[in-house]
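Reader: I would like to learn how to read some local and packing features of a protein model. Please start with a single residue and work up to helix pairs.

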Amino acid sequence: VDAIPSASGAAGLIFDKTNFYAEQGGQIYDQGTVTCGDAVFRVDNVQVFGGYVLHLGEVVSGSFAVNASATLSVNYVRRGPIASNHTMTHVLNYALRDVMIGKENIGSDDGPQLDQKGSLVDDQKLRFDFSWGSQVTVDQLAKIEAKCLDQIHRDIKVHTFNAPLADASQISALRAVFGEKYPDPVRVVSVCDTPIPEILKKPTEEIWKDYSIEFCGGTHLSKTGEAEAFVILSEEGIAKGIRRITAVTQERAREATNAATGFALRVKAAEEMAGAELQDEVKKLKLELQTMAISCISKSDLTTALNGLQAKIKEWQTKQLAAKVEGAAEACKASVDAAKAAGATKCVVRYDFGCDGKVAQKILKAVAKDVAVMIFSADAGSGKYGCFAASPKAAGVDCKKWIADTFEGVGGRGGGKPANAQWQVEGLDSIEAAVAKAGSI
């Protein structure tokens, strides 16, 4: 192929040199444009094939010919957050090892081990996989996040330097990724104010364990302050002995922080609510919190706060249940007393309190002491009704049979034992007939 016109569709370009980053080492590819006179080529993807950097995309206008000179323009607006996420992946790796295994074990083959097992860096997030046998606690994550933020606030210089592999491998802080083959010379990236050539003069010094120093060919910030913010969104297990941390920087980190702050204000406002209003608000907040892209440390704190409000709701629900039972028992008492005075062994009552079986059992316990009692209760909200029956031994009534006979041909479902049974029917049309039939049995 000597030329690629705009009608060619998907195509690939190779140059003698390029400023585009090809996807590798966990970092996503660059995007941008290539121009040759009036011709424009949109670069959508960049990959390495057979040692060549292949710029994949489409000719937008004009035509590109072999041996023509071209201008390559990377989309640096997109690369900016990628570089931020990559630099902070290095900082996270340092902070993670510092908190989990301690400086004394960084770069050492002895003691507890924490090794990188993969990473993904794009313009939206950073993802870091590492070897660890248990879940990282919220307290540990808080310390890790704080160390990363401290590195940002200190605005530490990020250095890059190509060094002989043998010399660079002596740096005390450095731990190569298992299975990774490194070129010689190798590119060293350090988040440290000391230039790398100075580090290489005394590579075994313990002081370098206070910094992030790694082999890496990716794009990075010039200073950590450019990351602006850092938030750990999640920590999870992805395989046996492998954990994953997902985090964000810059604008996405600020968005996560602002979202957490706003949500915390809503939780604070909910503390002033009570009863059904509080119950509805907490239910809504819990559902929202599950899907929010905020700091997992903040999410844990907010979950604890909502659980505290749930205890307040439970106390209210207990009082509501007691009041409901007391009101229902009082309403049923006159009918039960009349049946008892008449020498009857059964009493049928209609009182609407919903279809909550727990409420029904408490009501029956209060009223079914001398005669068998069957209570019908409609729930207009769900469009169904329940029937609950209980009998003391002295009454000698088989509640299971009583209910079965009452609802023969009606439908619904239920069951129970001779001393206590229940039934539930979809729809409210048959309730009056069922009440009448139960009273006639």
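Author: Asparagine 67 is exposed, because its relative accessible area is 80%; buried means under 20% relative accessible area, exposed over 50%, and partly exposed in between, with a 1.4 Å probe and protein chains only. This is a predicted model, in which local features need pLDDT of at least 70, side-chain atom pairs count only at pLDDT 80 or more, and totals for chains, interfaces and linings use all residues. Residues are numbered from 1 along each chain as its sequence is written, and side-chain values use heavy atoms, with hydrogens and water left out.

Reader: Where is asparagine 67 placed, and what is its phi?

Author: Most residues other than glycine have a negative phi, and most peptide bonds are trans. Asparagine 67 has a positive phi of about 75 degrees, although it is not a glycine. Its place is in the loop between β6 (63-65) and β7 (71-74); helices (H or I, at least four residues) and strands (E, at least two) are DSSP runs, numbered from the N terminus. Glutamate 228, also not a glycine, has a positive phi of about 70 degrees. Glutamate 228 lies in the loop between β12 and β13 (230-239) and is partly exposed, with a relative accessible area of 43%.

Reader: Which peptide bond is cis?

Author: The bond from aspartate 184 to proline 185 is cis, with omega near 5 degrees. Proline 185 belongs to the loop between α3 (165-168) and β11.

Reader: How is the sheet of three strands ordered?

Author: Strands of a sheet pair through backbone hydrogen bonds, either parallel or antiparallel. Here an open sheet has the order β10-β11-β12, with antiparallel pairing; two strands pair if DSSP finds at least two bridges between them. β10 (158-163) and β12 (212-215) are the edge strands, each pairing on one side only. Neighbouring strands of this sheet are turned by 20 degrees against each other on average, direction ignored. β10 pairs with β11 (residues 186-191) in the antiparallel sense over six bridges, and histidine 159 stands opposite serine 190 in β11.

Reader: What does α1 lie across, and is histidine 86 buried or exposed?

Author: α1 lies across β10, β11 and β12, running at about 115 degrees to β12. Axes are lines fitted to C-alpha atoms, for helices over the stretch in contact, and angles run from 0 to 180 degrees between N-to-C directions. Histidine 86 is found in α1 (residues 76-100) and is buried, at 4% relative accessible area. Leaving out residues up to four places away in sequence, histidine 86 touches Gln27, Val121, Cys216, Gly218, Thr219 and His220; contact means heavy atoms within 4.5 Å.

Reader: At what angle do α1 and α2 pack?

Author: Two packed helices are described by the angle between their axes and the distance between the axes. α1 and α2 (residues 138-153) pack at about 135 degrees, with their axes 9 Å apart. They are therefore oblique to each other: angles under 35 degrees count as roughly parallel, over 145 as roughly antiparallel, 65 to 115 as roughly perpendicular and the rest as oblique.

Reader: How do α7 and α8 pack?

Author: α7 (residues 296-341) and α8 (residues 357-367) pack at an angle of about 45 degrees, with their axes 9 Å apart. α7 and α8 are therefore oblique to each other. Residues making the contact include Leu321 and Lys324 of α7 and Val359 and Lys362 of α8.
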